[in-house]
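This report describes the structure shown below, moving from charged pairs to the interior and then to the overall fold.

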Amino acid sequence: DRFAGKPHEYRLYQLAGAYHILGNVMIDKEKSIMYYKEEIRIGQQIGAEDLLVNSNMNIGSIYQRQGKLDSALIYSLRGIQYAERTGEKTYEGRILENVGNIYLKQNQIDSAAYWFRRSVQVNKEQNNISGLASAYTSFANFYTAKGVADSGLHYAKEAFFLSTGLKSAK
């Protein structure tokens, strides 16, 4: 056990988890960010980098939705780094997709496509159906933004079939 003989670190780890939950349930996204940053601070203090994956991902996602794209990219890329370093890859596909959406909003089409492809690949490797459906939705938006309606429709259908639990006929 990683906290054997370290009750103080264990309590801090639990406290960081509580901050994460508070960040998740806040309607006020500035408060969410504050709680996630507190989780990050504690995680860094006790060397629990696994805590830093989702907190950075969530902050990046909030900033992306707020249009604070530079900050969103910084936090999202940190989330990816911590996922790769710790092996905590449950939401890696979502973070990759978020990076793609950041680049799409910045009209960096080639970069967006690269990150969306990575998201699809990781979600397939992890058999993460909801993540894959989300990545396909982002690809549908990507192709629609490029004016390639048939590809946009294709990915929208893929997302729909996955979301409804059906298999897509290829």
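In this predicted model, glutamate 30 and lysine 68 form a salt bridge, with 3.9 Å between the closest N and O atoms. Glutamate 30 belongs to helix H2 and lysine 68 to the loop between H3 and H4, so the bridge ties together parts that lie 38 residues apart in sequence. Both partners are partly exposed: glutamate 30 has a relative accessibility of 41%, and lysine 68 one of 39%.

The whole structure contains six salt bridges. Another of them joins the side chains of aspartate 50 and arginine 2, at an N to O distance of 2.9 Å. This pair also links distant parts of the chain, since aspartate 50 sits in the loop between H2 and H3 while arginine 2 is in the segment before helix H1 (7–25), 48 residues apart. Arginine 2 is partly exposed, with 43% relative accessible area. A further bridge connects lysine 89 with glutamate 92. Here the surroundings of the two partners are unlike: lysine 89 is partly exposed at 31%, whereas glutamate 92 is buried at 5%, because buried means under 20% relative accessible area.

The three bridges described above are listed here.

| Acidic residue | Basic residue | N to O distance |
|---|---|---|
| Glutamate 30 | Lysine 68 | 3.9 Å |
| Aspartate 50 | Arginine 2 | 2.9 Å |
| Glutamate 92 | Lysine 89 | 3.9 Å |

Which acidic residue is buried yet has no salt bridge? Glutamate 97, in helix H5, is such a residue. The nearest side chain of opposite charge is that of arginine 94, 4.6 Å away; this pair does not count as a salt bridge because the cut-off is 4 Å. The side chain of glutamate 97 instead makes a polar contact of 2.5 Å with the side chain of serine 138. Beyond residues up to four places away in sequence, glutamate 97 touches Phe116, Ser119, Gly131, Ser134, Ala135 and Ser138.

The nonpolar interior comes next. The largest nonpolar core has 37 residues, and within this core Phe139 and Phe142 touch the most other members. Helices H2, H3, H4, H5, H6, H7 and H8 each give two or more residues to this core. A second, separate core comprises eight residues, among them Tyr13, Ala16, Ile46 and Ala48. In soluble globular proteins, nonpolar side chains tend to be buried together. Leaving aside residues up to four places away in sequence, phenylalanine 139 is in contact with Ala113, Phe116, Arg117, Val120 and Tyr155. Phe116 is thus touched by phenylalanine 139 and also by glutamate 97.

Two loop residues have an unusual backbone angle, given that most residues other than glycine have a negative phi. Asparagine 107, in the loop between H5 and H6, has a positive phi near 60°. Asparagine 127, in the loop between H6 and H7, has a positive phi of about 55°. Both side chains belong to exposed residues: the relative accessible area is 60% for asparagine 107 and 58% for asparagine 127.

As for the overall fold, the protein has eight helices and zero strands. Its C-alpha atoms fill a box of roughly 60 × 30 × 30 Å along the principal axes. Of its 170 residues, 44% count as buried. Among contacts with a separation of 6 or more, 50% involve residues 24 or more positions apart. The accessible surface comes to about 9300 Å², and 52% of this area belongs to carbon and sulfur atoms.

Technical notes:
Residues are numbered from 1 along each chain as its sequence is written. This is a predicted model: local features need pLDDT of at least 70, side-chain atom pairs count only at pLDDT 80 or more; totals for chains, interfaces and linings use all residues. Side-chain values use heavy atoms; hydrogens and water are left out. A nonpolar core is a set of buried Ala, Val, Leu, Ile, Met, Phe, Trp, Tyr and Cys residues joined through side-chain atoms within 4.5 Å. Buried means under 20% relative accessible area, exposed over 50%, partly exposed in between (1.4 Å probe, protein chains only). Helices (H or I, at least four residues) and strands (E, at least two) are DSSP runs, numbered from the N terminus. Contact means heavy atoms within 4.5 Å. Lys and Arg count as positive and Asp and Glu as negative; His and the chain ends are not counted. A polar contact is a pair of N or O atoms within 3.5 Å; within protein, one must be able to donate a hydrogen and the other to accept it, and residues adjacent in sequence count only if both atoms are side-chain atoms. Accessible areas come from the Shrake-Rupley method with a 1.4 Å probe; for residues, only the protein chains shown count as cover.
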